Amino acid sequence: MSVVLVHGFPETSRIWDPLRSLLAEESVALAMPGFAVPRPAGFTATKDAYADWLADELGKIEQPIDLVGHDVGALISLRVATVGEVRLRSFAVDVAPIFHPDFVWTERVRGLQTPGVGEALMRAMREAAPEDPESTAARLASGGVPVGHAREMGEAHDETMSRSILDFYRSAAPNVAADWWNDVAGPTPSHGLILLLPDPPEQERMSLEVAQQLGAETASLPDLNHCWMAEAPETVAPVLQRFWSSLGRT
């Protein structure tokens, strides 16, 4: 069995380092195209392109797989889990409300989806000084990433990453569930775990509805921020390992 970790935006695969150091299982942290690694020629960075990329990467890894996704990595993990073409033993994800068909993007994401406005927002993030609240580093730190780690990932935010973020969000209108939810017919063939975080709390209803539709368990992390794997890996590692242990060996 393989543990595979998929990061979000605007992060790199290094965000998983604190959690990986505490897991008993061997793990691999995938680097999404455009995030501190090149974008292959012709790669469009749409939501479907990233989901197809993840399915292809998982096909190269020893199966069955325990997949863990965060942020946009959670969304494409849910897409792979619901399509069912890759043999997953399990998946564990956060941000489940964003996968819900009723989800409405925040004002900031709607700005990113707007030509010109999105480019300006991304430029401001990557060019701001690390201590500026609008910088990539500061935004990651506000999500729970230790400051040094946040600054390191902030330095990786280049024009390729910005373009990849914009391309993804502009492909996910009116939301990420558009056309994807049509394939969510019922419980997934793999075991699921939805991590419930207070980010934002008013959308827990949608998390629970997604979990019910997928036949997934839930685990509450009420005191953690968006970047839980870097903020409190000592809290989250036991949650994941209890979930995996409950599945037995296949």
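Guide: Buried here means under 20% relative accessible area, exposed means over 50%, and partly exposed is in between, with a 1.4 Å probe and protein chains only. We're looking at a predicted model, where local features need pLDDT of at least 70, side-chain atom pairs count only at pLDDT 80 or more, and totals for chains, interfaces and linings use all residues. Residues are numbered from 1 along each chain as its sequence is written, and side-chain values use heavy atoms, with hydrogens and water left out.

Visitor: How many residues of strand 1 are buried?

Guide: Strands (E, at least two residues) and helices (H or I, at least four) are DSSP runs, numbered from the N terminus. Side chains in a regular strand alternate between the two faces of the sheet. Here Ser-2, Val-4 and Val-6 point one way and Val-3 and Leu-5 the other, and all are buried. That leaves strand 1 mostly covered, with a buried tally of five of five.

Visitor: Which residue in strand 3 stands opposite Val-4?

Guide: Strands count as paired if DSSP finds at least two bridges between them. Strand 1 has four parallel bridges to strand 2 (residues 27-30), where Val-4 faces Val-28. Strand 1 also runs parallel to strand 3, joined by five bridges. On the strand 3 side, the residue opposite Val-4 is Leu-67.

Visitor: Which two residues touch the most other members of the largest nonpolar core?

Guide: In soluble globular proteins, nonpolar side chains tend to be buried together. A nonpolar core here is a set of buried Ala, Val, Leu, Ile, Met, Phe, Trp, Tyr and Cys residues joined through side-chain atoms within 4.5 Å. The largest one has 54 residues, and the two touching the most other members are Tyr-50 and Ile-76.

Visitor: And which helix gives this core its largest share?

Guide: Ile-76 touches Val-6, Met-32, Tyr-50, Trp-53 and Phe-168, among others, not counting residues up to four places away in sequence; contact means heavy atoms within 4.5 Å. Another core, of 31 residues including Val-145 and Leu-247, lies apart from it. Back in the largest core, the largest share is seven residues, and they come from helix 3.

Visitor: On to empty space. What is the volume of the largest pocket?

Guide: On a 1 Å grid over the protein atoms alone, a cavity is a set of points where a 1.4 Å probe fits but cannot get out, while a pocket is an open set with protein on both sides within 12 Å along at least five of seven lines; lining residues have an atom within 4 Å of a point. Grid points are joined across faces, edges and corners, and a volume is the space filled by probe spheres set on the points. The largest pocket has 35 lining residues, with Phe-9, Asp-71, Tyr-169, Asp-199 and His-226 nearest its centre. Its volume comes to about 920 Å³.

Visitor: How many charged residues are in the lining of the largest pocket?

Guide: Ala, Val, Leu, Ile, Met, Phe, Trp, Tyr, Cys and Pro count as nonpolar, Asp, Glu, Lys and Arg as charged, and the others, Gly among them, as polar. Elements supplying at least two lining residues each include helix 3 (72-83), helix 8 (159-171) and strand 5 (191-196). By class the lining has 23 nonpolar and six polar residues, and the charged ones number six.

Visitor: Is Ser-190 buried or exposed?

Guide: A search of the whole structure turns up one cavity of 30 Å³ or more, and Ser-190 is among its lining residues, along with Ala-81 and Leu-88. Ser-190 sits in the loop between helix 8 and strand 5 and touches Ala-81, Leu-88, Arg-89, Ser-90 and Phe-91, not counting residues up to four places away in sequence. At a relative accessible area of 7%, Ser-190 is buried.

Visitor: What is the phi of Asp-71?

Guide: Most residues other than glycine have a negative phi, and most peptide bonds are trans. Asp-71, in the loop between strand 3 and helix 3, is buried at a relative accessible area of 9%. Asp-71 isn't a glycine, yet its phi is positive, about 60°.

Visitor: What is omega for the peptide bond from Phe-9 to Pro-10?

Guide: Gln-63 and Pro-64 are joined by a cis peptide bond with omega about 5°. Pro-10 lies in the loop between strand 1 (2-6) and helix 1 (17-20). The bond leading into it from Phe-9 is also cis, with omega near -10°.
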